[in-house]
Amino acid sequence: MVITRFAPSPTGYLHIGGLRTALFNWLWARKNNGKFKLRIEDTDRKRNKQEAVEAIIKAFDWSGLNYDGEVVFQSERFDVYKRYINELLKKGFAYKCYLTKEELEIIRNAKMKGEEPTIDIRKYRDFKEELNKPYVIRFKTPLEGKICFEDGVKGMQCVDAKEIEDFVIARGDGTPTYNFVVVIDDYEMGLTDIIRGDDHLRNTFKQMLLYEAFGWNVPKFYHVPMIHNEKGGKMSKRDGAVDVMEYKKEGFLPEALLNFLVRLGWSHGDQEIFSMEEMINLFDPKDINKAPSRFNKEKLEWLNSHYIKNSPNERLEIILRDDFGVDILNHDRKEILIDELKERAKTIKEMAVEIEKILNEPSEYNEKAVKKFIKDDVLSNLNEFVTFLKDKNPKLPSEWHDAMHEFLELKQIKPKFLMPPLRIAMVGDTKGIDLAAMLSVLGKDEVIERIGKLLASFEVF
């Protein structure tokens with residue numbers, strides 16, 4: 001059975017690079033009818049944040065990437081790690097290193113200068129005595145030969161064993177290090193395939209040595225290139241490297257974000273839009289690109305608009321209410337309003353702003369729009385349009401469309417002398433959804449009232 005995992009550290013928010021890694025692992029597990037597990041790597045007690053743990057869980061709930069079994073917390077497994085460390089000590093694969101901070105500093109400074117250190121980092125490798133002084137526990141790496149593995153994305157990867165120093169597996173306070181606990185957890189959780197960022201590539205060689213020391217099978221590794229910004233540089237918050245939940249706050253749908261992320265580094269021909277079922281059926285980590293992908297906000301917005309257009313109105317109404325505080329569930333023209341906005345909005349946040357703009361009477365009018373479209377004869381037209389409406393009862397957009405054009409023919413005027421001014425009266429600007437649909441949503445009484453307010457502001461009638 002294929003078993004994958006995602007293992008974030010709760011030191012900050014879950015960003016989109018992490019969510020993409022989780023998605024790749026989730027897809028591979030689901031495609032193979034396997035299991036996808038979630039592990040919180042919270043051994044760094046000083047940097048861990050409980051709110052970060054909660055944010056990670058929320059991001060998974062929102063995105064729909066369901067995990068199998070309970071969440072595994074490394075902080076609850078220190079006794080397990082201690083047992084395995086003792087096993088390596090007994091087998092002679094690890095040793096206590098008594099190098100002082102001063103000695104380590106000498107070694108570090110020499111390496112930075114490209115010089116041979118006067119103190120050997122492996123000084124205590126074959127030391128048999130016990131000293132009454134602080135120590136760390138180091139793993140004995142091979143002194144010669146090569147360490148190699150076949151990476152599912154990058155192909156054969158090798159390093160000379162001598163390039164890897166005897167790395168620390170337990171700190172001076174007894175807490176285990178990242179490379180050690182990852183191997184223990186991945187083994188005990190039954191991991192078969194590990195898809196992760198290529199910033200972990202160097203760690204893999206160390207972890208392989210630990211697998212071999214314990215006599216365990218090594219999982220299949222896939223190291224995924226990082227996501228770059230549009231210019232090919234490191235992602236920043238400005239580029240979109242923010243909390244996954246910020247995308248929810250900005251009005252992106254989870255399926256749009258996942259569709260966008262799956263295409264960052266993986267492709268299937270020229271296809272851009274994938275349902276979750278298609279992603280599961282078509283995804284294979286061996287098809288992940290070797291080169292970094294580039295974040296493109298416009299493409300994300302394009303995908304989001306596609307998913308908005310294809311979402312049931314009822315779903316959008318619930319999101320608008322729950323996430324943006326815009327409640328139109330009982331509005332008798334909500335279908336017209338949602339249908340119009342679905343065709344133009346890039347995000348649900350945009351929809352929320354537009355709905356508020358339409359349903360709330362404008363408190364001010366755009367100066368440029370007023371200067372361009374509001375003239376004395378136009379104000380007269382609006383006043384006459386109010387009188388014209390009193391004998392009409394338009395409700396549907398088509399009826400409002402007919403009413404406006406009947407008035408234009410009656411007055412023998414061009415649309416620009418009625419339509420833009422009407423928009424300004426309704427929402428304070430000339431931008432927005434189809435005017436007939438807007439008037440239909442507001443209803444005749446509200447339309448007349450807003451025209452009256454605009455006229456009153458010019459103290460003409």
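At roughly what angle do the axes of helix α11 and helix α12 cross? The axes of α11 (residues 313-324) and α12 (residues 334-342) cross at roughly 90 degrees and come within 11 Å. The two helices are therefore roughly perpendicular to each other; that label covers 65 to 115 degrees, while angles under 35 degrees count as roughly parallel, over 145 as roughly antiparallel and the rest as oblique.

Before going on, a word about the model. It is predicted, so local features need pLDDT of at least 70 and side-chain atom pairs count only at pLDDT 80 or more, while totals for chains, interfaces and linings use all residues. Residues are numbered from 1 along each chain as its sequence is written, and side-chain values use heavy atoms, leaving out hydrogens and water.

Helices (H or I, at least four residues) and strands (E, at least two) are DSSP runs, numbered from the N terminus. Axes are lines fitted to C-alpha atoms, for helices over the stretch in contact, with angles from 0 to 180 degrees between N-to-C directions.

**Where the two helices meet**

On the α11 side you'll find N313, L316, E317 and L320, which meet K334, E335, I338, D339 and K342 in α12. Contact here means heavy atoms within 4.5 Å. By class, this contact has three nonpolar, one polar and five charged residues.

**Two sheets**

Now for the strands, which pair if DSSP finds at least two bridges between them. Here are the two open sheets:

| Strand order | Number of strands | Pairing |
|---|---|---|
| β1-β2-β3 | three strands | parallel |
| β4-β5-β8 | three strands | antiparallel |

In the parallel sheet, β1 (3-6) and β3 are the edge strands, each pairing on one side only. Four bridges join β1 to β2 (residues 35-40), and T4 stands opposite F36 in β2. Helix α2 (residues 50-63) packs on this sheet and touches β1, β2 and β3; its direction makes about 160 degrees with that of β2.

In the antiparallel sheet, the edges are β4 (94-97) and β8 (168-170). Neighbouring strands of this sheet are turned by 45 degrees against each other on average, direction ignored. β4 pairs with β5 (residues 136-139) over four bridges, and A94 stands opposite F139 in β5.

**Two loop residues**

A7 sits in the loop between β1 and α1 (16-31). Is A7 buried or exposed? With 15% relative accessibility, A7 counts as buried (under 20% relative accessible area; exposed is over 50% and partly exposed in between, using a 1.4 Å probe and protein chains only). A7 touches R39 and E41, not counting residues up to four places away in sequence. The C-alpha atoms of A7 and D186 are 9.9 Å apart, although 179 residues separate the two along the chain.

Q74 lies in the loop between β3 (72-73) and α3 (78-91), and is buried at a relative accessible area of 1%. Leaving out residues up to four places away in sequence, Q74 touches several others, including R39, E41, Y81 and D185.

**An enclosed helix**

How many of the nine residues of helix α17 (residues 419-427) are buried? Nine of the nine are, so α17 is largely enclosed by the rest of the structure. Among these buried residues are M419, R423 and V427. The buried residues of α17 pack against α13 (348-359), α14 (367-373), α15 (376-389), α16 (397-411), α18 (435-442) and α19 (444-457). Right after α17 comes G428, with a positive phi near 85 degrees.

Note on methods
Nonpolar A, V, L, I, M, F, W, Y, C, P; charged D, E, K, R; others polar.
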